[in-house]
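Hi,

Here is the model I promised to pass on. Have a look first, and then read my notes below.

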Amino acid sequence: MIRIVSAILIAAASASCVKAAPERQIVDDAAAALGGRDRVVAVKTLVIEGTGTNGNMGQDMTMDAASQAFQLSDYKRTIDVAGSRSRIEQTRTPNFPYFQGQQPQKQVIGVDGDVGYTVAANGTAARMANAAAKDRRADMFHHPLTIVRAALDPAAKLANPREANSQRVVDVTTANGLQFTLAIDGSTKLPTRVVSMTDNTNLGDVAVETTFDDYQNVDGLKLPAHLTTKTDKYLTADIRATRQTIDGNAGDLSAPAAAASAPAIAGPPPATVTAEELAKGVWFLAGQSHHSVLVEFGDHLMLIEAPQNDTRALAVIAKAKELRPGKPLTQVVNTHHHFDHSGGLRAAVSEGLAIITHKLNTAFYQDAMARAHTIVPDALAKNPKPAKIEPVDEESTLQDATMTVNLYHIARSPHADTLLMAYLPKQRILVEADVFSPGSAVHPYEANLVENIRSRKLQVDRIVPIHGTVVPFAELLKTQTTATH
Ligand SMILES: [Zn+2]
């Protein structure tokens, strides 16, 4: 009897060794390819040093352009594999005229448990918003070592094993509830990519995918020397490791005290909207970093700019309705496609506004207004409406008996190909975004703006900027006589 029981136990044990569940087999194969389960589990810290680029998603010349990038130097990504902490330190230099200047910027971005943080060049640490911290936590597992280690944890859930393009794919829910898709090469068994889903204000539900290649031997492990990350279809990071260190000196990865002790940030700050009547029927709606302008026609209102996010855009729209309660707000002029200037357009559509924008943005906005926002449902997801998009080519005039607004494409701007400026000929007011922000230390776009104003023969008394304060036209000209940038 004893012998029979033993035989059954031995048979069961050997069967489980020979044939794990397919989802488990993918993870086991990946661990074996990386250097063996024991070696993978024993790793405490990983330091990746190298070079690379960051893309400029949502801030390039058009949505589809990829000419702009930040060159990375002194790149260092440190992961405390067991301690759930990581930090990226890098110096990034834009390859394009940048409105904060072209000087290299040192960046420190980290996460320690639930606390995400940045450290400014002057050493000041700040806590990140919760959503950004969650993205940083997910980013920690966008590496073969960390995702496979997390998948080996008995508390992890593995599901949906499948094959795709000669890769084997498995869904991994980590012990702390983060969800990933891991793919391994069908023949080498080395991880080829990790995917996780997140919310993007402008794009909605997006896949963040990191692909791995150029594996090399490091201290008994195989590690990729080339890591490429895309958010949706946009390249956000391309890193080449020149030195990788296992269990070396990882430094102190704990969150700086100022960030750790700061309260959690659940969302954007509440909007503050001030209203200043610049002329009859023209209001400057300011209060925070991104302003809007409200224009009154005989039978309707028009907004210029729905920036940032639902919070800002809905507050600006509410202020417009408060200023002129009897008149419908029907249109919004979008100055350009950059994410901080278009992040409120979905909210505007949810309020029934038509979008007036440069024609190069039409396809992107048609897509953006229709995209799924299930991870963080926004105003348009909760109140779906069809988007009306009115494209502008070189110029367009909006006019009735009481008001005239001329929209002009800002030709050849080094800031974006999709820029519109709004000129109110009677009030001699020019509304523009980003190409002249009064108070800015550098002026890379102003010469082009002056050229556009002159070639259109516009008579401008006041500049009404989307960033900064309303100033006389002379302030713009001053940037051309004193600026040395
Ligand atoms: Zn911009």
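Before the notes, one cut-off you'll need: a residue is called buried under 20% relative accessible area and exposed over 50%, and partly exposed in between. Also keep in mind that this is a predicted model.

**Salt bridges**

That cut-off comes up straight away with E49, which at 23% relative accessibility counts as partly exposed. E49 forms a salt bridge with R243, with 3.1 Å between the closest N and O atoms. Since E49 sits in strand β1 (residues 45–55) and R243 in strand β13 (residues 234–246), the pair ties together parts that are 194 residues apart in sequence. R243 itself is exposed, at a relative accessible area of 52%.

In total the structure holds 23 salt bridges. Another one of them joins K321 to E351, where the closest N and O atoms are 2.9 Å apart. This pair also links distant parts of the chain: K321 belongs to helix α7, while E351 is in the loop between α9 (345–350) and β19 (354–358), 30 residues apart. Both ends are partly exposed, K321 at 37% relative accessibility and E351 with a relative accessible area of 33%.

Then there is E395 with R456, whose side chains meet in a salt bridge at 3.2 Å, N to O. E395 lies in strand β21 (residues 395–399) and R456 in the loop between α12 (446–455) and β25 (462–465), so this pair ties together parts 61 residues apart in sequence. E395 is partly exposed, with a relative accessible area of 48%. Salt bridges that share partners also join R77, R136 and D139 into one network.

**The sheet and helix α7**

Next, a sheet to look at. Seven strands make up an open sheet with mixed pairing, in the order β14-β15-β16-β17-β18-β19-β20. The edges are β14 (274–279) and β20 (389–392); each has a single partner strand, so one side of each is left without a neighbour in the sheet. On average, neighbouring strands of this sheet are turned by 25° against each other, direction ignored.

Within the sheet, strand β17 (residues 301–304) and strand β18 (residues 329–333) pair in the parallel sense over four bridges. If you want a register to check, the bridge partner of L303 in β18 is V332.

Helix α7 (residues 310–323), the one that carries K321, lies across β14, β15 (282–286), β16 (292–296), β17 and β18. The helix runs at about 145° to β15.

**The zinc site**

Which residues hold the zinc ion? The protein donors are H336 (NE2), H338 (ND1), H415 (NE2) and D434 (OD), lying 2.0 to 2.1 Å from the metal. Their spacing in sequence reads H-x1-H-x76-H-x18-D. Two of these donors link distant parts of the chain: H336 is in the loop between β18 and α8 (339–342), and H415 is in the loop between β22 (404–409) and β23 (420–424), 79 residues apart.

Are these two histidines buried or exposed? H336 is buried, with a relative accessible area of 0%, and H415 is buried as well, at 8%.

As for the geometry, the angles among the four donor atoms run from 89 to 167°, and the site is irregular. Four donors count as tetrahedral if all angles lie between 85 and 135 degrees, so the 167° end of the range rules that label out here.

Cheers

Notes:
Residues numbered from 1 in each chain as written. Predicted model: local features only at pLDDT ≥ 70, side-chain atom pairs only at ≥ 80, totals over all residues. Heavy atoms only, no water. Pairing = 2+ DSSP bridges. Helix = DSSP H or I, 4+ residues; strand = E, 2+ residues; numbered from the N terminus. Axes fitted to C-alpha atoms, helices over the stretch in contact; angles between N-to-C directions. Contact = heavy atoms within 4.5 Å. Donors = N, O, S within 2.8 Å, 3.2 Å for Na, K, Ca; no water. Tetrahedral: all angles 85-135°; square planar, octahedral: opposite > 155°, others 65-115°. Buried < 20%, exposed > 50% of the residue type's maximum accessible area, 1.4 Å probe, protein only. Salt bridge = Lys/Arg side-chain N within 4 Å of Asp/Glu carboxyl O.
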